[in-house]
Amino acid sequence: MKILFVTSEFADFAKAGGLADVSAALPRALKRRGTDVRVLMPAYQNVLDRISQLKVVASLPGHASIEPCLIGETQTPDGIPVYLILAPSLYQRSGTPYTTAEGYDWGDNDLRFARLGLAAAEIARGLSGVDWTPDLVHAHDWPAAMAPAYMVWSGVTTPSVFTIHNLAHQGLFGADRLDALGIPHEAFRTDGVEFHGYISFMKAGLVYATHVTTVSATYAAEITEEPLGSGLHGLTRGLTHEGRLSGIVNGLDAEWDPASDAHLLSGFHAGDLSGKAVNTDFIRMSLCMAPSDGPLFGIVSRLVHQKGLDLIAEAAGAIVERGGQIAILGTGDPGVERMLLDMSRRHRGSIGLVAGFSETMAHRLVAASDFFLMPSRFEPCGLTQMQAQRYGALPVAHATGGLADTIEDNQTGFLFHDFWVGGLLEATNRAFDAYTQPELLADMRRRAMAKTFDWDGPAQSYEELFSRVTGLPMERPPDRGFSGVTRLPKLISTDSDRRAAAR
């Protein structure tokens with residue numbers, strides 16, 4: 001089976017968040033299972049800076065105000081083919097894939113990511129000059145969401161799967177951009193791309209893809225209702241009823257292994273946690289925290305409203321009073337950073353904050369922690385709770401999305417269901433109680449560290465879904481069931497069926 005994997009981030013070359021990690025790990029897992037998967041992404045300047053060989057393999061025409069581009073082909077060291085969209089005026093800039101160096105959205109993000117979706121559609125049509133045509137296009141999140149739409153509008157019959165990584169980020173642009181983006185005017189309606197008077201890239205992916213997935217089974221259910229439906233809950237509920245929406249939880253990269261992690265000062269495993277204490281001492285010293293026999297609560301997070309860090313600010317006094325310490329690593333919203341900085345100043349020696357990000361520091365902080373705080377308002381999947389469990393840091397988390405799907409309450413972590421400071425404190429109190437019972441704590445750590453969260457299960461789930469969508473057989477019988485995915489009875493394949501489902 002041949003899969004074109006369309007993404008705005010790929011961890012080998014360009015990373016702004018968890019999408020990059022998934023975009024690097026899932027194609028590799030599919031490749032190991034015999035799938036011919038190739039990645040399509042923009043050629044940002046930092047991508048070009050990181051590659052040594054690039055071969056131009058195709059030239060694509062412009063469309064409306066979307067400029068022409070070249071397609072370059074490179075390859076990762078382990079053999080994943082990567083197609084790069086060469087459009088210097090769109091992508092060769094300083095900053096992140098989405099924002100300027102100052103943190104503002106690029107003013108032409110609509111054209112930049114329409115170019116990504118259009119390139120995918122051209123390759124799927126077999127008219128790009130690329131000597132390879134996919135059996136299925138797999139597009140990820142709003143920056144790639146126009147791929148299924150351009151495919152349908154140009155008459156491409158190749159099926160598509162669209163994966164939602166975070167429904168709250170939708171890619172909204174003014175209705176006056178219809179002509180510039182080459183969107184048919186008849187598509188600007190409630191069963192098309194229109195969303196409260198705006199063009200919604202996310203909605204385009206939902207309406208026009210053959211099948212839609214998201215990154216956990218619980219989140220797939222949550223987005224069919226408010227508030228997590230983000231105004232699209234009627235559409236997502238319809239997709240569920242029509243058998244076009246399912247949830248597949250993400251996996252965890254194999255590098256997250258405390259016994260072999262090169263980032264750590266000392267490795268460890270469930271049978272010998274002495275190396276964990278070495279990392280704990282380092283984090284306490286690095287963050288100017290006092291020596292302590294109490295538990296260390298870790299946080300590695302984007303510092304944004306979604307992550308529920310305001311609950312931690314409210315609970316911090318009670319946690320410190322019980323003898324706990326909190327170590328925080330992250331960057332994000334300046335207001336959230338200031339709130340956490342004020343919190344750390346009020347509790348000098350007990351709370352430490354590093355406002356920034358370092359991969360090495362992230363690994364060490366996870367390894368150092370006894371417990372990990374994740375009171376997210378919502379969490380489509382989350383990776384940190386998986387990393388924490390592998391490193392014996394039991395998560396204390398809000399029971400939402402992928403957190404609910406990957407943490408076993410009172411077995412491998414502590415969940416609270418009502419989003420308020422009382423819920424968080426009730427869960428942290430259970431963590432404190434476990435900390436005072438060495439046998440219970442050791443047993444919970446063993447259970448947590450035994451969980452692998454590897455990508456083989458998710459890859460098989462996607463593989464079986466791709467087989468259903470395309471009608472092509474899998475290379476071999478599945479090793480296990482369609483794990484993590486809601487079994488749904490019907491797939492919608494025609495444009496008229498899609499519109500009926502949207503209505």
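Begin by selecting W132, which is found in the loop between helix 4 and strand 6 (136-140); helices (H or I, at least four residues) and strands (E, at least two) are DSSP runs, numbered from the N terminus. This is a predicted model, in which local features need pLDDT of at least 70 and side-chain atom pairs count only at pLDDT 80 or more, while totals for chains, interfaces and linings use all residues. Residues are numbered from 1 along each chain as its sequence is written, and side-chain values use heavy atoms, with hydrogens and water left out.

**Around W132**

With a relative accessible area of 7%, W132 is buried, where buried means under 20% relative accessible area, exposed over 50% and partly exposed in between (1.4 Å probe, protein chains only). Now display what surrounds W132: leaving aside neighbours within four places in sequence, W132 is in contact with K2, I3, L4, D36, R38, Y83 and I123, contact meaning heavy atoms within 4.5 Å. For a sense of scale, draw a distance from W132 to A220, whose C-alpha atoms are separated by 33 Å and which lie 88 residues apart along the chain.

**Helix 4 against helix 6**

Next select helix 4 (residues 109-125) together with helix 6 (residues 146-153), whose axes come within 7 Å and cross at roughly 50°; axes are lines fitted to C-alpha atoms, for helices over the stretch in contact, and angles run from 0 to 180 degrees between N-to-C directions. Helix 4 and helix 6 are therefore oblique to each other, given that angles under 35 degrees count as roughly parallel, over 145 as roughly antiparallel, 65 to 115 as roughly perpendicular and the rest as oblique. The crossing of these two helices is right-handed; a crossing is right-handed if the near helix is turned clockwise from the far one by less than a right angle, and left-handed if anticlockwise. To see the contact itself, show A114, G117, L118, A120, A121 and A124 on helix 4, and M146, A147, Y150 and M151 on helix 6. By class, this contact of helix 4 with helix 6 has nine nonpolar residues, one polar residue and no charged residues, with Ala, Val, Leu, Ile, Met, Phe, Trp, Tyr, Cys and Pro counted as nonpolar, Asp, Glu, Lys and Arg as charged, and the others, Gly among them, as polar.

**Helix 11 against helix 12**

For a second helix pair, move to helix 11 (residues 309-321) and helix 12 (residues 334-346), which pack at an angle of about 15° with their axes 10 Å apart. That angle makes helix 11 roughly parallel to helix 12, and helix 11 passes helix 12 in a left-handed crossing. The residues to show are L309, D310, I312, A313 and A316 of helix 11, with V336, M339, L340, M343 and R346 of helix 12; the contact of helix 11 with helix 12 divides into eight nonpolar, no polar and two charged residues.

**Aromatic rings**

Turn now to the rings of Phe, Tyr and Trp (its six-membered ring), which pair if their centres lie within 6.5 Å, planes under 30 degrees apart counting as stacked, over 60 as edge-to-face and the rest as tilted. By this rule the count comes to 17 aromatic pairs. One of them is the tilted pair of W142 and F173, with 6.1 Å centre to centre and 55° between the planes. This pair links distant parts of the chain, with W142 in helix 5 (residues 141-144) and F173 in strand 8 (residues 172-174), 31 residues apart. W142 counts as buried at 12% relative accessibility, and F173 counts as buried at 15%.

Then select F371 and F414, whose ring centres are 6.0 Å apart and whose planes lie at 65°, so the pair is edge-to-face. Here too distant parts of the chain are linked, F371 being in strand 16 (residues 371-374) and F414 in strand 18 (residues 414-416), 43 residues apart. F371 counts as buried at 0% relative accessibility, and F414 is buried with a relative accessible area of 2%.

Return to W142 and F173 and add Y98, F113 and F201, since ring pairs link Y98, F113, W142, F173 and F201 into a cluster.

**Helix 7 and some backbone details**

From F201, extend the selection to helix 7 (residues 201-208), where eight of the eight residues are buried, so helix 7 is largely enclosed by the rest of the structure.

Finally, inspect the backbone at D141, found in helix 5, which has a positive phi of about 60° although D141 is not a glycine. A64, in the loop between strand 3 (55-60) and strand 4 (69-75), likewise is not a glycine and has a positive phi of about 55°. The last stop is the cis peptide bond that joins E226 and P227, with omega about 5°; P227 lies in the loop between helix 8 (217-222) and helix 9 (233-241).
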